[in-house]
Amino acid sequence: MSLKKTVLLSASIMTALAVSAQSPTPLLESAPKKTVKQINMAQPDFGGYKVERKLKYVPVSQIGQQKVIKKTQSMAIVETASQTTVTKNTVVRNILTGELAPLSGNINVLLKDGVTADQVSSQLGLTLVVSYPNTKLAVFKASPDADVIEVAAAIKSSGLVKSARIEVLETIYQAD
Amino acid sequence: MKSLGLKASLISSAVILALSGCSDSNKDTAPTAKDLSLANMKQWVATPFTLPASDADNDDMTITFSESGSPVSSQNGVYTFSHGMLEQTGELAFKYVPLTAEAGSIDYQVEANGKTASAQISVSHIVSDPLANQQWHLRNTGQKAYALSDEMKAGLVEYYVANLGYTEEQAQELMDQAFAIEEERLVPGEDINVMEAYAQGVTGEGVTSVVVDSGLEIRHEDLQPNVLAYRSLNLNSDAVDHTDPTNTSKTGDHGTSVAGLIAAKGWNEIGGRGVSPDTSLIGMNYLGGGAKVDQTDFLVHGFPGSGISTDENISTFNRSYGITFPTAIAYSEFDEAVQSYPAMVLRNGKGALNIKSSGNGFIDGGPEGSLCSDNGANALGLTCYDGAFEPSQAHPFYLSVGAVISDGSHTSYSTAGANVFVSAPSGEYGRWSPAMVTTDSMTCLNGYSGFFGGQIAAWTNFYGEAFTRSQYPFNFPGHEDNAQCNYTSTMNGTSSAAPNTSGVVSLILSANPELTWRDVRHILAETSTQVDADNAPVILDVNGSDFVAHQGWIENAAGFTFNTQYGFGRVNAGEAVKMALNYSESLGDLMATDWIGEGTVVGAASLDKDIPDNNADGVTHSIEITDELTLEAIQFRFDVSNAEMQFGDVNGNQTTAGTDLAIEVTSPSGTRSVLLASKQALMYPAYSFDAGFQPGYILKDSVMLSNAFYGEPTVGTWTVRLIDTSDASFVASDGGDNGLGVIGFANNTVPSKLEGVSIRAFGHNAQ
């Protein structure tokens, strides 16, 4: 659905009686003014993401006195002491959308031709979550205390893969 | 009037049956005609029958038809009555197609050797869907689909009188004129021709479409019969029931409306009808909703764990979503590997199709602010966002769909690009111009229709209940056709064009499950309807020379017509199903060349070729392909730099280097395709999922797909030309209300550089 449809009206609709170039008969047509989000140009820590080291993704049941940034039914993003290691449930910010999302702790990999997922697993000491049949795609899990960014870098530099991508539990896409 | 597949040779106002040439008038007996009752038929579906007429003497019989005393003559062998259409398929063999749910009758008279007999065909008990007659995309009769209503006009007149100082006569005259202009766009016949598909007995059985979206209300009254039980996925990590992707948003669920366009159950006397009304549905709530489960990107492509097996008859994954951001996003081999899985692995290797909305960025998108107004794109009719910005639209494993309105022409918003493969109806906003009538979250407490629908709630808050009700009569609670608010009349966007295409693809694969995903693409390219035939080119004056930024329709060397706004045209279900049922092409194995090119994109030194500012000659680069293939798609990869392509300069301006860049390609056969028209919203430096923004680059590992060369030979010289089309600087009329906060756009003081270019062709062995 077109974004225009879902954007809330603003005061500008009252002035939308004026002719618009977009429609030959725009009388009172919905033409709300957009609120444009400024983009944070901060250099990403990996991919298109900035690590929010003072945020953590935790079960709602574990929320104590921390400030809650975002909450769903069973999970929440809360403020925490600065983390040095990037692991599962570390929170990152997408620099394109500005949205927060947690890491799964997984690294998704496109293997080079002739390389198997087991090779990567044994050579780098990673847990293989799944190797997808009929493809060169596999998912590895970093150990709980390992820094995922460092693990991904090690995978890339191993020469075994074409691509290694840290999995962020978000959807970057929006409805059309 | 469309033919229902009958021979066009039956052009007469009466049917002459030459059963025998022998007669003797002295002993002649009169012919006989008996009454016939046709009942329990499906609306729009043909019912064959034999006319109970005879002549004992075997004389020639002439049959004439009438309704309510008025004779009805045939056009191309089709008799059209107020309630249905009659076609002759044999001497006494006919098909009747109910057009409405109303009962009716047809009088017929048989004449033989001067003697006559009369009888009646009664039509009753038509199984229908009450909203189907408003679904113009399925069968366009010029209906308004709850737009341009009498209530709307009366509400506007009242508003103008009360608030804007108009007299009632002035307001009425203004609205009469405005409505008359819009009503000219309600053009009968401008639809996707589903009736002809149904007439061939194809309604979508045996295949399943996966709706990857914001949700799918699996218990919706008009979807539930087609929803495969316990097969949908709730991908939210904290979901209680992972088999239920129902979206509980009060303001509407995009996915539920998308699903209805594909496969709202047909002929159940409830709601409307999907394009493929007997196709099964699986829903996955990929969009929105917070943190997702692990491996979501794999699951939404049908990988193991999604519950989809490799031998299941999945027709499509519908993807009515995208990224609308004013930058060129780099291509990713990883994403290609994921996104190609449905096509390359599912259906035992025959493949399922990813049907992708092309985007709603023709006019604008968001962070670019007023750029496309200020640089002239909007006024010229050039696309603000190009499909080339988004890498998932840069490979043949996603099929991009543009959107058209009720007269067949381009919508105000549909993103154009050489990647667009076909187009489909979606309409405008459902008020001044029809949108889609489709399923909506059930009850008046959820959904686009109902008290909390975004538009309804906002307008009611602003204008009050009465005016809002008058402007959106169908979506406002209380409309007699939508008493439970389970349907909406304002769904639109390329989000609607994609599911309408998913429906057509489902019909194709239901008609012939042996077809591969590439066969389906071929059928769509062959059978889609060329709409807006007079679509005009857009020619830019570049320092005294012409540059054709938009070509309108072109015909390539293989005979395919193509347009960056429409692809190969609007999908045509009837013709596509007909070709599917009689398919004889053999495309063989899919072949792909290596990436062939020079410069940084193939790991070599930069080409370092200047793209001269404001110069229509630009810079050209030629690439030779020696592999002999018949093209099915071709990709072009670019690195184009400009040191000024940052996040704005010290004066608060952004460079025009991105918006001035145009790219065209000419094939060995001489066909020209525009990959970037210029004046597009390339406002930010290039971006990569793996590396973030790439300051200093307009394009970095940017891949663009062109379908314009479909069917042409690959061998020969491909010529790429890059042009900077302007030396103008201009003020941002948004005053800095844009993503970069810039107040203007300054012409680039240094030329952009082509650092590398390569191409990769997909196709089959030339025959």
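Which domains does the domain assignment of chain B give? In this predicted model, the assignment lists domain 1 (15–127), domain 2 (132–183), domain 3 (194–436 + 495–531 + 566–581), domain 4 (443–485) and domain 5 (591–765). Taken over C-alpha atoms, the centres of domain 1 and domain 3 of chain B are separated by 43 Å. Contact between these two domains of chain B involves seven residues of domain 1 and five residues of domain 3. On the domain 1 side, the touching residues comprise five nonpolar, one polar and one charged.

## Annotated positions in chain B

The UniProt record, an unreviewed entry, lists B:Asp213, B:His254 and B:Ser495 under "active site". These positions span 283 residues in sequence, yet no two of their C-alpha atoms are more than 9.8 Å apart, so they gather at one spot.

B:Asp213 belongs to strand β14 (residues 208–213) of chain B. B:Asp213 is buried because 31 other C-beta atoms lie within 10 Å, the cut-off for this class being 20 or more. Leaving aside neighbours within four places in sequence, the contacts of B:Asp213 are B:His254, B:Gly255, B:Val258, B:Tyr286, B:Leu287 and B:Ser320. One of these, B:His254, is also on the UniProt list.

B:Ser495 sits in helix α12 (residues 494–511) of chain B. With 33 C-beta neighbours inside 10 Å, B:Ser495 is likewise classed as buried.

## The surroundings of B:Ser406

B:Ser406 lies in the loop between β19 (398–404) and β20 (420–425) of chain B. B:Ser406 has 26 C-beta neighbours inside 10 Å and therefore counts as buried. Its contacts, leaving aside neighbours within four places in sequence, include B:Trp136, B:Asn140, B:Arg185, B:Leu186 and B:Val187. B:Glu190, B:Gly427, B:Ser433 and B:Pro434 are also in contact with B:Ser406. B:Trp136 is 270 residues away from B:Ser406 in sequence, but the C-alpha to C-alpha separation is 7.2 Å.

The table gives the location and neighbour count of three residues discussed above.

| Residue | Location in chain B | C-beta neighbours within 10 Å |
|---|---|---|
| B:Ser406 | loop between β19 (398–404) and β20 (420–425) | 26 C-beta neighbours |
| B:Asp213 | strand β14 (residues 208–213) | 31 other C-beta atoms |
| B:Ser495 | helix α12 (residues 494–511) | 33 C-beta neighbours |

## An open sheet in chain B

Four strands of chain B form an open sheet in the order β30-β38-β33-β34, with antiparallel pairing. Its edge strands are β30 (615–625) and β34 (672–676), each of which pairs on one side only. From one strand to the next, the twist averages 25 degrees. Strand β33 (residues 661–666) pairs with β34(B) in the antiparallel sense over four bridges. Within β34(B), B:Val674 is the bridge partner of B:Glu664.

## The contact between chains A and B

The contact between the chains takes 57 residues from chain A and 62 residues from chain B. On the chain A side, the elements giving two or more residues are α1 (3–6), β5 (100–111), β7 (137–141), β8 (161–168) and β9 (174–175). The largest share comes from β5(A), with five residues. By class, the chain A side has 27 nonpolar, 20 polar and 10 charged residues.

Strand pairing also crosses between the chains: β9(A) and strand β17 (residues 321–322) of chain B run antiparallel and are joined by two bridges. The bridge partner of A:Gln174 in β17(B) is B:Gly322.

Methods
Residues numbered from 1 in each chain as written. Chains lettered and ligands numbered in written order. Predicted model: local features only at pLDDT ≥ 70, side-chain atom pairs only at ≥ 80, totals over all residues. Pairing = 2+ DSSP bridges. Axes fitted to C-alpha atoms, helices over the stretch in contact; angles between N-to-C directions. Buried ≥ 20, exposed ≤ 12 C-beta atoms within 10 Å, placed from the backbone. UniProt positions renumbered as here; feature names shortened; annotations may be inferred. Nonpolar A, V, L, I, M, F, W, Y, C, P; charged D, E, K, R; others polar. Domains from an automatic or database assignment.
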